Amino acid sequence: MKTHRLARIAEVIREVASTTILFELKDPRVKNVTITRAEVAADLQNAKVYVSVMGTEKQQKLAIYGLQHAAGFIQSKVAARLAIRYVPVLVFILDLGIKKSVEIARILAEEKAKSNPQGVVEPVATDTDVVSDDEDDEDDEDDEDDEDDEDETVESATPTAAGPAAPL
């Protein structure tokens, strides 16, 4: 089967499952659930729906358990949206990718703090470091006069390679 068709079906499954979980599912076990992606088998018989659950490990297990029990309801919503002969059987899998990325960011921040023990921070440009034109109002008036003088000298002293400019 063509991969773009599988990708479209996987995207529809992800979209329908996420809206169903968010708006229509009344199971109190399913809280703080985010669907990260969906993968559909080539024969369209099975689909893996990867979910991320923010919370403790106990809350994650409860959410997966609740989603497995609501899989039929979510599958019926997918069937209403898809116009295919067989609707894939949904299997919910806990995706630890987001939790791992948060953990990696925390470890990197700790290592950065260890490598910089004295707390020396590299200078970063701030808004106060930038000099604005408003501070030197007196110089602005002089600058305008200088600009006029420069225009006059530039116009009169512009030599060309072919000699003086010919009138058009």
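Which residues in helix 1 meet which residues in helix 3? I took this up at the start, working on a predicted model.

**Entry 1. Helix 1 against helix 3**

I listed the contacts from both sides. Helix 1 contributes Val-12, Ile-13, Glu-15, Val-16, Ala-17, Thr-20, Ile-21 and Glu-24. On the side of helix 3, I noted Phe-73, Ile-74, Lys-77, Val-78 and Arg-81. Sorted by class, this contact has eight nonpolar, one polar and four charged residues.

I then looked up the geometry. Helix 3 covers residues 71–81, and its axis comes within 9 Å of the axis of helix 1. The two axes cross at roughly 130°. Angles over 145 degrees would count as roughly antiparallel and 65 to 115 as roughly perpendicular, so I entered the pair as oblique. I recorded the crossing of helix 1 and helix 3 as right-handed.

**Entry 2. Thr-20**

I picked one residue of helix 1 for a further check, Thr-20. Is Thr-20 buried or exposed? Its relative accessibility is 2%, and the cut-off for buried is under 20%, so Thr-20 counts as buried.

Leaving out neighbours within four places in sequence, I found Thr-20 in contact with Leu-25, Phe-73, Ile-74 and Lys-77. For Ile-74 I also noted the C-alpha separation from Thr-20, which is 6.6 Å. Thr-20 and Ile-74 are 54 residues apart along the chain.

**Entry 3. The chain as a whole**

I stepped back to the overall layout. The protein chain has five helices and three strands. Read from the N terminus, I get the order α-β-β-α-α-β-α-α. The chain has 168 residues, of which 23% count as buried. I also looked up the contacts between residues at least 6 apart in sequence; 63% of them join residues at least 24 apart.

**Entry 4. The loop between helix 1 and strand 1**

Helix 1 spans 3–24 and strand 1 spans 33–40, and Asp-27 sits in the loop between them. I found Asp-27 buried, at a relative accessible area of 17%. What does the side chain of Asp-27 make a polar contact with? The partner is the side chain of Arg-29, at 2.8 Å.

Asn-32 belongs to the loop between helix 1 and strand 1 as well. I noted Asn-32 as exposed, because its relative accessible area of 54% is over the 50% cut-off. Its phi is positive, about 55°, although Asn-32 is not a glycine. I flagged that because most residues other than glycine have a negative phi.

**Entry 5. Leu-44**

I found a positive phi at Leu-44 too, about 60°, and Leu-44 is not a glycine. Where is Leu-44 placed? Leu-44 lies in the loop between strand 1 and strand 2. Its relative accessible area is 7%, so I entered Leu-44 as buried.

**Entry 6. Ser-52**

Strand 2 covers residues 46–53, and Ser-52 is found there. I noted 2% relative accessibility for Ser-52, which therefore counts as buried. Which residues does Ser-52 touch, not counting those up to four places away in sequence? I listed Asn-32, Val-33, Thr-34, Thr-36, Asp-95 and Ile-98. Among them is Asn-32, the positive-phi residue of Entry 4.

**Entry 7. Lys-99 and Leu-96**

I placed Lys-99 in helix 4, residues 97–115. At 31% relative accessibility, Lys-99 counts as partly exposed. I looked up its contacts, leaving aside neighbours within four places in sequence, and found Val-53, Gly-55 and Gln-60. How does the side chain of Lys-99 relate to Gly-55, and what does it reach there? The side chain of Lys-99 reaches the backbone oxygen of Gly-55 at 3.2 Å. From Lys-99 to Val-53 I have 8.9 Å, C-alpha to C-alpha, with their positions 46 residues apart in sequence.

Leu-96 is in the loop between strand 3 (89–94) and helix 4. I entered Leu-96 as partly exposed, at 38% relative accessibility. The C-alpha atoms of Leu-96 and Met-54 are separated by 10.0 Å, and these two residues are 42 residues apart along the chain.

Note on methods:
Residues are numbered from 1 along each chain as its sequence is written. This is a predicted model: local features need pLDDT of at least 70, side-chain atom pairs count only at pLDDT 80 or more; totals for chains, interfaces and linings use all residues. Side-chain values use heavy atoms; hydrogens and water are left out. Helices (H or I, at least four residues) and strands (E, at least two) are DSSP runs, numbered from the N terminus. Buried means under 20% relative accessible area, exposed over 50%, partly exposed in between (1.4 Å probe, protein chains only). A polar contact is a pair of N or O atoms within 3.5 Å; within protein, one must be able to donate a hydrogen and the other to accept it, and residues adjacent in sequence count only if both atoms are side-chain atoms. Axes are lines fitted to C-alpha atoms, for helices over the stretch in contact, and angles run from 0 to 180 degrees between N-to-C directions. Angles under 35 degrees count as roughly parallel, over 145 as roughly antiparallel, 65 to 115 as roughly perpendicular and the rest as oblique. A crossing is left-handed if the near helix is turned anticlockwise from the far one by less than a right angle, and right-handed if clockwise. Contact means heavy atoms within 4.5 Å. Ala, Val, Leu, Ile, Met, Phe, Trp, Tyr, Cys and Pro count as nonpolar, Asp, Glu, Lys and Arg as charged, and the others, Gly among them, as polar.
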